[in-house]
Structure formats: structure tokens, C-alpha cells
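Open your viewer, pick a cartoon view, and keep the selection box handy. We will go from stop to stop, and at each one you select something and see what is there.

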Amino acid sequence: MDDELLTIGAFAARARLSAKALRLYDRLGLLSPAHVDEVSGYRYYRADQTERARLVALLRQLDMPLARIAELVEADGSDAAELLAAYWTAVETRIAGQRTLAAYLRARLSGRSSEMYGTFVVETVEVPEQVLITETRHTLADELPAWIGASLGRLGEAARECGGVSAAPFVVYHAEVSMESDGPAEACVPVADEAAARAWAARQGRARQTAVRVEPARRLACTRITKAQVAHPQILAAFEAVEQWVAAQGLSYAGPCREVYFADWEAAGPGDAVCDVAFPVEFSAR
């Protein structure tokens, strides 16, 4: 046997890891022994495997998924660094969202919800009947922002064939969209020409669950929010503020809630108003 090979115990000491961890890395395909004795089953490692062993251990401390670790340790130096940077950016984005959610939940649990709701101005607006071209999808909350942008973009392009966009696009939530519930959500673009819209829909078949429908005139209870407030969970406070106002006014719901996007999203800054959070309402029967 090559004198440069180390027993698992000696290699574990050099790598500052346990033999148990090395066996786990072997089983997961992250770090295989240089040699396994066919008779005894003993594992032996080369001294130059130490760096990889320590790298795997450090990456696991970042809670990096095993598949990502396997990809990273096989990459060249610059590529590996880019993979790590991309992973950590995603982690920081997730943590930032969780931090905001924690602050939101603290406010609710401490009984300060009314303070949050008081920052939103709620009013009613009358919306006339509209012809809509729509795209529907079951989607979870983390997929929602990308889907909203893409679907409204596709429908905006299609509106050119349907007499043009006649009013602000919006997204209707026919059921809850969260990390556990997938809706569905319906992206809607009002258009000017119903006949052209129905011809467009007929050409689409069942692609992307597109459709045309006529939305009846609505009275909406709504509050206007900024681009920064559209992010989850800030937007939840806006929905809850409208719900609280609707209850206080003695109104009842006349349809599913929605987000109305009336501004150029790409051109807007974080503090610019871009969206109305809205519920169709009507006076409760006496």
C-alpha cells in the first residue's frame, strides 16, 4: 500500500473532522477515499484530499444543499466562487424576507396591528364593465412575482390584437396563494375589442390556460401601495387593512381580492405608488 495514504483516523485528525463525518461524505459522494481495502473495508485517504474535506465541512456550515456542494467542489476556483456567491445572495434574500415577516408577525402578536392598518388609506372606487383577456395558473407565493410580471407581459402583447389595453391590468386571487397554497391566480388585462379578444383566445387553444371573460361593473374597496410595499409580507398588511375597513363599514364581499397594477413597474422606484390592493364589495343586505 502507498505510504502516502492515511488511515481514516489519521486523515480525520489532519482534516479536523470526525471519522463519522468522513463516512457520511463518502456515502453522499462528496469525498470518496483514495483506497478501500477489499478484505478489511478500511478507508484510506491521500494527504492532498484534506483541503476538499475541510471545504465540504465549511460549506455544510452554510446549510448549503448537498447537491450544490457536490457541484461546487467539482468546479474550478473562479466558477466555484461564483457558485458560492450566487448561493449566498439567495440566502441573504431569503433571510431579509424572513426578517420582514418576523417584524410583521411581532406587530400582530403584540396587538399593534391597528397601528399598521392605520397607515393605509382605504376608499371605494367604481369600475365599469370590462372585457378581459386572462391567464390562470396555480402558483405558490415564491413563484408569484415572476409569474405576475411574465403573464401580464404576455397579455399586454396580446392586447395589441384585441383593440389595445383599455384599463389597468390586475391579478385576481381565486384562492389563497402562500408557501403552502397555490391559488389559483388569474392575470387580467382589460381590452377594447371583445370580438377580437375572443378570436385571439380561440387561436390560443388551452395554452397557458388563457381565456376571455366579461368582468361586470364593480365597486372596489382599495388602498394604494408603493413598489416596496408590494413585497411579501408587507402586502399582507395592506390586504388586512382593507378587510378591517370593509368590516367596519358594514360591507360584504362581492368577489375575490385583487392587485391592480396601474404604473410602469420597471420605471417605478421603491417609494412610488404602483398598485391598488382591492376587494369587490357591496352593501350588506339588511
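Start by selecting threonine 223, which stands opposite valine 277 in strand E12. You are looking at a predicted model, so treat each stop as a feature of that prediction. Now widen the selection to the strands around this pair: 7 bridges join E9 to strand E12 (residues 273–283), and the two run antiparallel. Strands of a sheet pair through backbone hydrogen bonds, either parallel or antiparallel.

Next, add strand E4 (residues 122–127), which pairs with E9 in the antiparallel sense over 6 bridges. Click on valine 125 to find one of these matches: its bridge partner in E9 is leucine 220. How many residues of strand E9 are buried? Of the 9 residues in E9 (218–226), 7 are buried, so the strand is mostly covered.

**A buried valine**

Select valine 171, in strand E6 (residues 170–173). Is valine 171 buried or exposed? Its relative accessible area is 0%, and because buried means under 20%, valine 171 counts as buried. Show the residues around this valine. Leaving aside neighbours within four places in sequence, its contacts include Trp147, Ile148, Leu152, Cys257 and Tyr261. Then measure across to cysteine 188: the C-alpha atoms of valine 171 and cysteine 188 are 5.8 Å apart, while in sequence the two residues are 17 apart.

**An unusual peptide bond**

Follow the chain on from E6 to proline 184, in the loop between E6 and strand E7 (185–191). Most residues other than glycine have a negative phi, and most peptide bonds are trans. Zoom in on the bond from glycine 183 to proline 184: this one is cis, with omega near 20°.

**Two positive phi angles**

For the phi angles, go to arginine 16, in the loop between H1 and H2. Arginine 16 is not a glycine, yet its phi is positive, at about 60°. With 63% relative accessibility, this arginine counts as exposed.

Now jump to aspartate 63, in the loop between H3 and H4. Aspartate 63 also has a positive phi of about 60° without being a glycine. Its relative accessible area is 63%, which makes aspartate 63 exposed.

**A three-stranded sheet**

Select E1, E2 and E3 together. These 3 strands form an open sheet in the order E1-E3-E2, with antiparallel pairing. Why is one side of E1 and of E2 left without a neighbour in the sheet? Strand E1 (5–7) and strand E2 (35–36) stand at the edges, and each has a single partner strand, so one side of each has no neighbour there. Look between E2 and E3, which pair over 2 bridges. Here valine 36 has arginine 43 in E3 as its bridge partner. Then switch on helix H1 (residues 8–15), which lies across E1 and E3 and runs at about 95° to E1.

**Salt bridges**

Side chains of opposite charge can pair when their charged atoms come close. The model has 13 salt bridges, and you can visit a few of them.

- Keep arginine 43 selected and add aspartate 26: their side chains meet in a salt bridge, 3.1 Å from N to O. This pair links strand E3 (residues 43–46) with helix H2 (residues 19–27), across 17 residues of sequence. Arginine 43 is partly exposed, at 24% relative accessible area.
- Select arginine 46 and aspartate 48, whose closest N and O atoms are 2.9 Å apart in another salt bridge. Arginine 46 is partly exposed, at 40%, and aspartate 48 is exposed, at 58%.
- Select glutamate 74 and arginine 52, whose side chains form a salt bridge of 2.9 Å, N to O. Glutamate 74 is in helix H4 (residues 66–74) and arginine 52 in helix H3 (residues 50–61), so the pair ties together parts 22 residues apart in sequence.
- Finally, select Glu186, Arg213, Glu215, Arg218 and Arg258, which are joined into one network by salt bridges that share partners.

**The largest pocket**

For the last stop, turn on a surface and select Ala141, Leu144, Pro145, Val230 and His232. Among the 41 residues lining the largest pocket, these lie nearest its centre. The pocket holds about 1500 Å³ of space. Colour helix H5 (77–109), helix H7 (144–158), helix H9 (227–230), helix H10 (234–248) and strand E11 (258–261): each supplies at least two residues of the lining.

Definitions and conventions:
Residues numbered from 1 in each chain as written. Predicted model: local features only at pLDDT ≥ 70, side-chain atom pairs only at ≥ 80, totals over all residues. Heavy atoms only, no water. Salt bridge = Lys/Arg side-chain N within 4 Å of Asp/Glu carboxyl O. Helix = DSSP H or I, 4+ residues; strand = E, 2+ residues; numbered from the N terminus. Buried < 20%, exposed > 50% of the residue type's maximum accessible area, 1.4 Å probe, protein only. Pairing = 2+ DSSP bridges. Contact = heavy atoms within 4.5 Å. Axes fitted to C-alpha atoms, helices over the stretch in contact; angles between N-to-C directions. 1 Å grid on protein atoms, 1.4 Å probe; cavity = no way out; pocket = protein on both sides within 12 Å on 5 of 7 lines; lining within 4 Å. Points joined across faces, edges and corners; volume = space filled by probe spheres on them.
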